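Colleague: I am new to reading models like this one. Could you choose a single part, look at it closely with me, and then show me how it sits in the whole?

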Amino acid sequence: MKSRYDLLVIGGGPAGAIAARTAAKAGHSVLLVEKRPAIGAPVRCAEGIGKEALAEFVEPDERWISAELKRAEIVAPDGASMLLEADLAGSKVGYILDRKVFDRELVWQAAGAGAEVMVKTRASAPLMEQGAVRGAVLETCGEQKKVHADITIAADGVESKFSRWCGVDTTVPVREIMSSCQYLMTDIDIDETCTTFFLGNKVAPEGYLWIFPKGRRTANVGIGISGKKSGAGHRAKDYLDRFVKTRFPEGKTIECIVGGVSVCRPLERTVADGLIIAGDAGRVVDPLTGGGIYNAMYTGNLAAEVASKAIGDGTLDAAALMPYDKGWRASTMGKAIERNYHIKEYLIKQPDEKLNAIIHSAKCLDMKDFSTLTLVKELMKRNPKLVAELAVLKASL
Amino acid sequence: MLEIHRDVCGYCGCCVSVCPEGALELIDAYLEVDDHCTSCGICAKVCPLGALEVKDEVKV
């Protein structure tokens, strides 16, 4: 570890790894620090990602793909289901990853591109100079060291603290944290190419329960519920245990993980002097699906591109970094976040009867692509009332 | 005061994200609470496992 780098990246998840890879490829000196002793573990994710979304940043590799998806199923509170099929039946639409191997691969690529990597190393405070972030105090195995950097990228995940220490309020409203729990279950009967989503206020209040296949007779079976609905005796784990007991009584749980997923609007500002905030730390998770892997990679990459230019220009203030903030908001991803935020806000207010009615409107939908936009458009065609109820979306559909 | 049941905690960081005071920090698998904590109980509510508990101060 040197005492000075062009770029310091805090966090070794997909946002941090892609940021480090992009900046290193551009020829910058980069240090990526990860507080955990191992990249990718423990997993905090249901591990789903769309086919095209993944390919934008990394070539698919069977070493970290657990399952290839061909369809999805949405199950109504009353048990009726709607199948979402690719227009071209049987074609691949997405993947369930093996994040332990995937995250490690991305960091491997960052290292291969020239970035330095330090694990079991935690940023414990920002280095501030005249109100600007100029690196961080790093702690590794009992030693403390100041590392200066032109720009620091905070990619420290849902439990992000770094931006807060720099004066950015990152608090997630209690009703907009998905309190989540997931079992990796094996020896269960599932469709190994289909993701299944269960909706309903009894099943998963203001959230959903999922079965995401992970290979032969194995799946991530998990749930996210609104923090508002969580409490003693009715926590995410309580709901999940109840579901698993009836659905997979003979299944074997070989991993139990928990997590928080933010479904709020992104931070109002994701840059400050010398600082860029990327991935979950910036609260850029898709508020409807809770998906964050692509959004993390997208913002990580853009953060590094903008940082690279700013370093080249020698101007490191917030104004020089604003193209990052403006850029992701104006992107397809940014627009999807805004649109899906409205859809989420609408859906969580609906009683089970309404959710039943929407799902009853089709047994099977042919999707020209597997996006939430296509799904919503198809549902609107079949439920004309939705058009008026979701009028706020009119401009973005 | 906030009590962390370490045998229950899944060190996921869900609580850290909702703390309005920034009083919680997840250091790898170890959740820390500092003296900014106001015992508001938000973290205890959202915890997926129920690892956090606000206990009444014992007045001596």
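Modeller: Let's begin with a ruler: the expected span of a helix is 1.5 Å times one less than its number of residues. Helices are DSSP runs of H or I with at least four residues, strands are runs of E with at least two, and both are numbered from the N terminus. Residues count from 1 along each chain as its sequence is written, with chains lettered from A and ligands numbered from 1 in written order. What you see is a predicted model, where local features need pLDDT of at least 70 and side-chain atom pairs pLDDT 80 or more, while totals for chains, interfaces and linings use all residues.

Our part is helix α6 of chain A, residues 293-313. Its 21 residues should span 30 Å, and the C-alpha atoms at its ends are indeed 30 Å apart, so the two values agree. Just after α6(A) comes A:G314, which has a positive phi, near 75°.

Is α6(A) largely enclosed or open? It is largely enclosed by the rest of the structure, because 16 of its 21 residues are buried (20 or more other C-beta atoms, placed from the backbone, within 10 Å; exposed means 12 or fewer, partly exposed in between).

That helix also matters for the largest nonpolar core, which has 133 residues (buried Ala, Val, Leu, Ile, Met, Phe, Trp, Tyr and Cys joined through C-beta atoms within 7 Å). The largest share of this core, 12 residues, comes from α6(A). A:A19, A:I153, A:I276 and A:A307 have the most contacts inside the core (C-beta atoms, placed from the backbone, within 7 Å). Leaving out residues up to four places away in sequence, A:A19 touches several residues, among them A:I153, A:G300, A:N301, A:A303 and A:A304. Other partners of A:A19 are A:V9, A:A155 and A:A278.

For comparison, look at a strand. β14(A), residues 208-213, is largely enclosed too, because six of its six residues are buried. Both of its faces are covered: A:Y208, A:W210 and A:F212 lie on one side, with A:L209, A:I211 and A:P213 on the other. β14(A) runs antiparallel to β13(A), residues 194-198, and three bridges join them (strands pair if DSSP finds at least two bridges). Here A:T196 stands opposite A:I211. Six bridges join β14(A) to β15(A), residues 218-226, again antiparallel, and A:P213 stands opposite A:A219. This hairpin has four residues between its strands, and A:G215 takes a positive phi near 120°.

Now step back to chain A, which has 11 helices and 19 strands. Its radius of gyration is 21 Å, close to the 21 Å of the globule rule for 397 residues, so chain A is as compact as a globular protein of that length (taken over C-alpha atoms; the rule is 2.2 Å times the number of residues to the power 0.38). The C-alpha atoms of chain A fill a box of roughly 60 × 45 × 45 Å along the principal axes, and 50% of the residues count as buried. Among contacts in chain A between residues at least 6 apart in sequence, 71% join residues at least 24 apart.

Finally, the neighbour: the contact between the chains takes 29 residues from chain A and 20 residues from chain B. On the chain B side, α1(B) gives the most, with four residues.

Definitions and conventions: Two residues are in contact if their C-beta atoms, placed from the backbone, lie within 7 Å.
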